[in-house]
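Please study the sequence and the model shown below before attempting the exercises. Each exercise gives a task, followed by a solution in steps.

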Amino acid sequence: MSTDDVSPSGPDGLAGQLDGEADFGDTTRTLYATDASIYAVRPSGVVFPRHRDDVRHVVDFARDHDVSITARGAGSSLTGNAVGEGIVLDCERYLDEIVAIDADAETVTVQPGVVLDDLNAALEPHDLYFPPDPSTSSTCTLGGMVANDAAGPHSVRHGTTRDNVRRVECVLADGSVAEFRRRDGADLRATLDRDDRLGEVHEVVTDLAAAHADEIDAKYPTVDRNSSGYDLETSASPDGEWADLSRLIVGSEGTLGVVTEVTLDLTPRPETRAAALVFYDDVYAAAGAVSPALDADPSAVELVDDAVLGYARDAWGFDIVPDAAGAALLIEVETTNADAAADLDTAVAAARTEATVSVERAVDDAAQERLWTVRKASNPLLNRRSGDEQALSFVEDAALPPARLPEYLRRVGDVLRAHDLDASVFGHAGQGVLHVKPFLNLQTEADRERLRSVSERVHEIVLEMGGCLSGEHGDGRLRSAYIREMYGAELYDAFVTVKRAFDPDDVFNPAKVVPTSDGELVAVDEQLRYEEYDPTAIETALDFSAEEGFDSLVEQCNGCSKCRTETGGVMCPSYRATGEEITSTRGRANMLRAAIDGELGPDALTSDEFESAVLDECLACKACETECPTGVDMAKLKTEVKQQKHLEDGPSLRARLFGNVRTLNRVGTALAPLANRLTEFGPGRVVAEKVLGIDRRRDLPSFATESFLEWFAARSPEPAAGERGTVALFPDCYTTYNHPDVGRATVRLLESLGYAVDVPTVDCCGRAALSQGLVETARTHAETNVATLATYADRDVPIVGVEPSCVSALAEYDDLLEYVGGVPEASRTVAGFLRDAVADGELSLPTGGDATVAFHGHCHASAKGWDAAPVELLDAVGYDVRPVDATCCGMAGAFGYETEHYDLSTTLGAELETKIDAADADLVAASGASCSQQLSDCDVVTHHPMELLAEVVA
């Protein structure tokens with residue numbers, strides 16, 4: 001039957017059988033049609049099982065209705081093995097329990113939805129960890145790692161997932177639950193005698209291992225990493241003495257069963273590590289240094305080329321990357337604190353050649369993390385290249401003997417040049433795995449043809465050189481067509497026999513690895529994401545020329561899953577609060593792409609349903625601008641879509657009110673204290689909720705009885721003002737009308753340090769209008785402000801502000817105006833301006849801060865790379881600063897006041913309050929007015945960093 005006909009309800013449906021959920025709606029099917037690969041396959045629906053029995057019910061349903069199952073974790077697969085036409089089984093939402101930790105035995109048992117970084121955080125108190133570490137460790141699940149035999153850079157020392165799995169529990173195609181582990185002697189004989197699916201598959205695999213022993217020895221490549229086909233090499237002994245089918249399940253890509261539980265072997269944490277980036281003239285020199293580097297017994301040897309290094313330098317400001325570097329090896333050693341420097345020197349010396357340009361060493365954790373950031377984000381970083389050509393994963397996973405890497409790169413380079421393609425190279429060079437990423441535009445037939453041609457020729461080269469097709473990511477849709485050529489007809493038929501024994505009805509991820517019973521096998525160029533893609537051109541109000549268009553910015557999302565990270569950084573707050581795919585940056589990008597392609601129907605982009613379901617809960621925190629490795633700025637996209645909707649329907653009264661917050665605050669201050677009493681008036685709050693959607697449970701900000709501008713006009717400057725020059729302090733609407741005490745402290749601070757302060761007459765920065773999609777209003781404000789502020793920029797007078805969201809708006813005037821008068825370049829936060837002055841030796845600060853300070857940074861400051869400045873300044877004057885690892889506070893300007901967002905906003909606020917409490921500090925500092933308001937509603941008293949600095953300095 002057609003998969004589109006499957007219904008989750010009814011007498012034969014799923015809904016009544018599950019404790020979990022089944023969602024067969026169009027939105028969810030769209031969200032789960034893609035992973036991190038180049039493919040798009042719309043499933044019939046998605047099931048979120050709560051436990052093993054739910055999985056069994058789904059398997060029985062699928063088998064009885066001739067529907068397939070594709071198990072999925074974070075959806076970060078690069079080969080398309082996490083997308084399928086039938087039911088997608090999302091194992092991350094509920095099957096995420098760490099079942100048992102046995103520290104004495106150094107094992108842990110987990111469900112498949114457990115995220116790797118979460119597991120290792122739970123193991124840290126036991127001084128143990130699970131060593132395979134793919135670059136997606138913050139989002140990838142253990143089930144996905146088992147399916148793909150994930151590895152990562154430390155497999156040089158610790159092996160792949162297969163080498164660290166002790167036991168796998170699966171639901172098989174007949175609905176039975178099977179446990180796979182090493183069996184020998186009487187245990188194996190008893191298993192072989194069983195009259196069930198477990199006994200049958202053991203019998204088949206042990207017979208195949210014996211019958212094809214010579215062919216297995218001859219055809220399995222001599223490489224450290226092999227994720228192609230099925231592992232008959234290490235799953236059973238040729239003499240029939242033992243079998244360990246857990247090794248067969250690992251790397252089988254969900255084609256043999258659904259993993260429901262895994263027992264893993266753990267490793268004691270090393271006392272410490274040290275790392276270095278060794279830069280070379282070109283990628284061939286770097287590849288040639290791999291084998292010598294391995295002689296120093298490193299724990300990792302990773303290669304990145306000049307494209308990755310260039311993006312890291314330009315996008316993230318990594319000044320450690322020399323301009324002359326054509327490639328680098330990241331070399332790491334596991335060592336002791338006493339020997340760290342010496343062991344690292346030994347490894348670097350082994351990797352040095354005449355082509356070495358320079359070396360950047362890192363011994364402390366923070367410095368090492370900085371080096372690793374470049375390598376871990378290599379794949380998605382390449383998608384920061386704007387335009388329709390993207391770095392694609394299709395010849396990116398071959399494994400070869402490390403000594404042959406230079407030859408391999410030259411031969412692949414010849415193929416790419418013959419097809420007039422450029423590419424980037426990075427990967428796990430220490431194990432001979434290099435990810436070659438050609439830049440292609442799969443919206444064109446010409447590049448789809450080049451995809452086919454290059455794929456075929458590169459895989460021929462891999463096999464000619466004794467390599468394997470996949471060293472890490474599995475076969476999926478990319479490489480299944482080449483497996484027969486790699487292993488030969490005899491072993492390929494053995495693989496088919498394995499599949500038939502485990503899954504005779506083609507329930508599990510069919511047509512991958514081997515054909516279905518009907519002979520169907522996926523092809524490298526079928527069901528491509530952009531094969532029939534035809535986006536509607538949008539005449540945008542914002543300038544998207546830097547991104548080469550609205551659609552290009554949407555398409556830069558490659559599905560890498562970074563936005564699903566739940567710890568560290570800011571992105572993506574709405575996903576962290578809800579756990580729903582549609583609230584992630586990836587989910588929103590997928591829906592936007594479907595909308596402009598017409599997949600969701602005409603005018604979907606500006607429909608009420610699209611706004612409420614897709615964009616409404618985006619807090620416009622701007623974190624994805626920087627933290628999304630591909631640079632998908634969802635806040636900018638949201639603003640444009642809201643503007644497009646306003647063109648059709650007109651803005652609401654609430655949007656006009658919140659979009660003109662400076663006028664609102666100016667009137668409120670003029671009418672204070674009466675205005676403050678009105679904001680507390682109960683009946684008035686009820687009316688505001690019903691008419692405007694301003695939640696009555698939220699405290700409204702107070703208006704100052706004297707504005708900052710009034711105070712500034714009436715005062716006399718400090719005697720030292722002007723000794724170091726002048727700064728223009730941008731009077732944002734919150735500082736001016738709600739929190740003038742912050743402005744007063746900032747002026748005292750700057751003047752006491754020798755700066756004269758000008759406060760120009762300006763309009764709103766435009767951020768409030770942009771957040772409401774009122775682009776033309778924001779443009780008007782920007783034009784007025786540029787006319788005033790450009791006079792300061794022309795004279796090299798710094799334009800500074802205390803509210804990060806407002807300063808970031810000034811920095812983005814290029815999106816609104818053709819002429820910006822140098823304002824974006826001249827604008828910075830006060831903290832950033834002072835921090836740079838201290839770093840340059842132009843300014844010294846006294847000490848005197850004697851309190852511990854929990855610091856919550858503003859999300860816009862984080863997005864722009866400004867969040868470290870307040871911490872460094874407070875630390876410099878003596879405070880003990882404890883940065884709080886939290887996402888957006890949840891207020892996000894007007895967002896937290898809106899009735900429909902109140903619950904989400906307060907959930908994020910409560911999480912922030914918990915983390916601040918854990919910091920156990922004397923004081924709490926927050927640099928944003930919204931953050932302070934949110935924390936005030938949680939009864940947390942905050943101080944602006946400028947106030948704390950002024951207490952010491954002024």
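The exercises below concern disulfides, salt bridges and the burial of the residues involved.

This is a predicted model, in which local features need pLDDT of at least 70 and side-chain atom pairs count only at pLDDT 80 or more, while totals for chains, interfaces and linings use all residues. Residues are numbered from 1 along each chain as its sequence is written, and side-chain values use heavy atoms, with hydrogens and water left out.

**Exercise 1.** Determine how many disulfides the structure holds, and explain why cysteine 560 has no bond to cysteine 628.

Step 1. A disulfide is taken as a pair of cysteine sulfur atoms within 2.5 Å. The structure holds 0 of them.

Step 2. For cysteine 560, the closest cysteine sulfur belongs to cysteine 628 and is 5.9 Å away, which is too far for a bond.

Step 3. Cysteine 563 is likewise in no disulfide, as its nearest cysteine sulfur, in cysteine 557, is 6.4 Å away.

Step 4. Burial is judged by relative accessible area: buried means under 20%, exposed over 50%, and partly exposed in between (1.4 Å probe, protein chains only). Cysteine 560 is buried at 13%, and cysteine 563 is buried at 6%.

**Exercise 2.** Find which parts of the chain are tied together by the salt bridge of glutamate 580 and arginine 93.

Step 1. A salt bridge requires a side-chain nitrogen of Lys or Arg within 4 Å of a carboxyl oxygen of Asp or Glu. By this rule the count is 68.

Step 2. Glutamate 580 and arginine 93 form one such bridge, with an N to O distance of 2.9 Å.

Step 3. Helices (H or I, at least four residues) and strands (E, at least two) are DSSP runs, numbered from the N terminus. Glutamate 580 sits in the loop between α21 (573–578) and α22 (585–596), and arginine 93 in the loop between β4 (87–90) and β5 (98–102); the pair therefore ties together parts 487 residues apart in sequence.

Step 4. Glutamate 580 is partly exposed, at 33%, and arginine 93 is also partly exposed, at 25%.

**Exercise 3.** Locate arginine 273 and glutamate 332, and decide whether glutamate 332 is buried or exposed.

Step 1. The side chains of arginine 273 and glutamate 332 form a salt bridge at 3.4 Å, N to O.

Step 2. Arginine 273 belongs to strand β13 (residues 272–280) and glutamate 332 to strand β15 (residues 327–335), 59 residues apart.

Step 3. Glutamate 332 is buried, at 2%, whereas arginine 273 is partly exposed, at 23%.
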